[in-house]
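Colleague: I should like to go through this structure with you term by term. Please set each value against its definition and then conclude.

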Amino acid sequence: MGYKSWGGDMNALAGARMPHEGDQDAARACLRLPGLERCVRGTLGRGRRAARAPLGAGPSRGNAGSRRKWGSCPAARPRRGWGPGAASAVVRSGRPDAVPDPMPTPPPESAARGNSRVPGMVLKAFFPTCCASADSGLLVGRWVPEQTSAVVLAVVHFPFIPIQVKELLARVQQASQVGVAVLGTWCHRRQDAEESLGHFLEGLGAIFSHEPWLQLCRERGSKFWSCKATRRQAPTCAGAPGEDQVMLVFYDQRKVLLSQLHPPVALPDHQAGDAVAGAGGLAAVFDTVARSEELFRSDRFDEGPVRLSHWQSEGVEASILAELAKRASGPICLLLGGLLSLVSAASACRVFQLWPLSFIWSKLSTCEQLRHRLEQLTFVFSTQKAENPTQLMRKANVLVSVLLDVALGLALLSWLHGKDRIGHLAEALVPVADHVAEELQHLLQWLMGAPAGLKMNRALDQVLGRFFLYHLHLWISYIHLMSPFIERILWHVGLSACLGLTVALSILSDIIALLTFHIYCFYVYGARLYCLKICGLSSLWRLFRGKKWNVLRQRVDSCSYDLDQLFIGTLLFTILLFLLPTTALYYLVFTLLRLLVVAVQGLIHVLVDLINSLPLYSLGLRLCRPYRLAAGVKFRVLEHEADRPLRLLMQINPLPFSHVIRTYRLPSCGCHPTHSWGSLCRKLFFGELIYPWRQKGDKRD
């Protein structure tokens, strides 16, 4: 397909005046979406036939002649793999050495006409939109030879002294470690008197030597641009030209500078078979703009020898509050870091490592949350500078999470201390505890009878019922003994909300654990009896089959038993089997009560983990400034006509919200146990205890 035919296809994509008006609307709708090859193929079929009509020669004859001319010069051959889907490809980030060229490369114009002129390579020039209306001057930027791309960063205006321009570029290159150079000239023809300026700009290539030399010109009274890339060196093979074709790509310099490119992700509307191009050169573009901040520090109000046009040329963005915060952050972080180090040293004292204190410190949710909060504050107020943007984003997420937690805690504190709500809670707590104890007493009396018409073992039922009633009586006496101090305890608990809502919720979880300690004791007693009988029945069942459990090798081996052992085993198996329903009923009832308490504590822990781990700052950036978190870019064709350069607009694809949460999710304290449904059912069936905290030997399924 020749160059004009390719231009006709791009006109169909851009919505130019073509014979098929219906194709234009379909192409416009396609270009707004990522991964568009499947949608574009059907549209380009009719647009390609319409674009071929004005051509004088058929494409097959032109291509055959072009192949004959290109056979002697491998360097001048067109690139393979170009197709209509490349113009609408969605570009995402990736490794520069592992991805293809992200930009579409059009075929040369001479391939369609069948003439003897050999085309040059297609050069991609990334031009900032803020410089489109700038005065004439020099193009300053970076040349990326791996991608055959030129990234324009600024325009140097007249008058200037060449040695001062070179000194400025050397200073910027030393500060940013980016190979900044003069790439070419920029001519903005606004009046008739500036017609002779183009000849003067062409002569600057002898002073600022660069290969290739770009010549960008915006013509007077026209919306089209003139782009050329000339080479002063002799061509490597016969027939090769000294001029390359240029593809002009506009980009928003401010958004590219402030954005952070992320690894590629699959967008929700991406389907299998869509054309997806890598962004190796795209990563180089983002990196070049991000590291060239030294070049953007000067504006038109500076009295320096060199005058530039870039995204901050109208005035450098600054804020008095931001500057004061930057200057005050150093001493504040140093002071708070010293105080936090003292608190950490005090918490690591050997007194807290003794057995009772160490056990309480490791099992209570409040202590785990305080330790996690201390780690967060130490990380935020650390005097070490962030090494990369990811660590800086994590610091911002932690700071916003802590501030939101403290704000919610203060709101809870003001609500509790208003209208004497703490006194009302203290007065209502003892009657609620008495009501719960009364309901448990009725439940035990129901179990000591004939629950649901079941025939229970009378002796064992009475023993277990009286045992649990005695423990319930002790618990009621303990609650009434502590009733005078409940209001003061609740007042101190409410005061701890100034440390954050998560601390108050952790204290609430521990209070629920203490108030339901009798239910936990009932569950432990029932679970131990049930587990003992299950283990005894399984061991005696192996005895009937002539097997035993080998403790050393952890397996079941064959074994021979005598008559007395079999007789005793039969008696014990019968006794345990007939006593199992009574024990299982008590175990079932108290296990359900225990699971109810664990479910309430689990909801509290989920809320605490949500506040601790949710990346609020990153989500705010994605909501208010989506270009700051970039997943890739997409290109939109602005306009293209014959004998004119193709002009594209690079737009940033924001990172999806789900990927933002997965990428910047903060670690939580993780003090509560995590069980899968399989492990939970296995523990419940065999009578293993379900602890409210995580054990050292717990295995995650």
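Colleague: Why is Ser 613 called buried?

Modeller: Buried means under 20% relative accessible area, exposed means over 50%, and partly exposed lies in between (1.4 Å probe, protein chains only). Ser 613 has a relative accessible area of 2%, so the residue counts as buried. Please note that this is a predicted model, in which local features need pLDDT of at least 70 and side-chain atom pairs count only at pLDDT 80 or more, while totals for chains, interfaces and linings use all residues. Residues are numbered from 1 along each chain as its sequence is written, and side-chain values use heavy atoms, with hydrogens and water left out.

Colleague: Where is Ser 613 placed?

Modeller: Ser 613 belongs to helix 19, which covers residues 563-613. Helices (H or I, at least four residues) and strands (E, at least two) are DSSP runs, numbered from the N terminus.

Colleague: What makes the pairing of Ser 613 with Arg 665 a polar contact?

Modeller: A polar contact is a pair of N or O atoms within 3.5 Å; within protein, one must be able to donate a hydrogen and the other to accept it, and residues adjacent in sequence count only if both atoms are side-chain atoms. The side chains of Ser 613 and Arg 665 make such a contact at 3.3 Å. A polar atom of the Ser 613 side chain also lies 2.5 Å from the backbone oxygen of Asp 609.

Colleague: Which residues does Ser 613 touch, not counting those up to four places away in sequence?

Modeller: Ser 613 touches Arg 665 and Leu 666 under that condition. Contact here means heavy atoms within 4.5 Å.

Colleague: Helix 19 also holds Ile 575. Why is Ile 575 called partly exposed?

Modeller: The relative accessibility of Ile 575 is 49%, and therefore Ile 575 counts as partly exposed. Ile 575 also joins Phe 567, Ile 568, Leu 571 and Leu 572 in a nonpolar surface patch, with about 480 Å² of accessible area together. Patches are made of residues with over 30% relative accessible area and no salt bridge: like charges are joined within 9 Å, nonpolar side chains (Val, Leu, Ile, Met, Phe, Trp, Tyr) within 5 Å. Accessible areas come from the Shrake-Rupley method with a 1.4 Å probe, and for residues only the protein chains shown count as cover.

Colleague: How do you know that Arg 373 and Asp 405 meet in a salt bridge?

Modeller: A salt bridge is a side-chain nitrogen of Lys or Arg within 4 Å of a carboxyl oxygen of Asp or Glu. For Arg 373 and Asp 405 the N to O distance is 2.3 Å, and their side chains meet in a salt bridge. Arg 373 lies in helix 12 (residues 365-380) and Asp 405 in helix 13 (residues 389-417), so the pair ties together parts that are 32 residues apart in sequence. Arg 373 is buried, at 8% relative accessible area, and Asp 405 is buried at 0%.

Colleague: How many salt bridges are counted by this rule?

Modeller: The count is six. Among them are Arg 291 with Asp 287 at 2.8 Å, N to O, and Glu 688 with Arg 682, where the closest N and O atoms are 3.3 Å apart. Arg 291 has a relative accessible area of 33% and is therefore partly exposed; Asp 287, at 32%, is partly exposed.

Colleague: What makes strand 4 largely enclosed by the rest of the structure?

Modeller: Nine of the nine residues of strand 4 (residues 149-157) are buried, so the strand is largely enclosed.

Colleague: Which strands pair with strand 4 in the parallel sense, and which in the antiparallel sense?

Modeller: Two strands pair if DSSP finds at least two bridges between them. Strand 2 (residues 122-128) pairs with strand 4 in the parallel sense over three bridges. Strand 3 (residues 137-144) pairs with strand 4 in the antiparallel sense over eight bridges, and Val 140 stands opposite Ala 154. Strand 11 (residues 308-309) runs antiparallel to strand 4 and is joined to it by two bridges; there, Leu 308 is the bridge partner of Val 156.

Colleague: What lies between strand 3 and strand 4?

Modeller: Four residues lie between these strands, which form a hairpin, and Thr 148 in the turn has a positive phi of about 50°.
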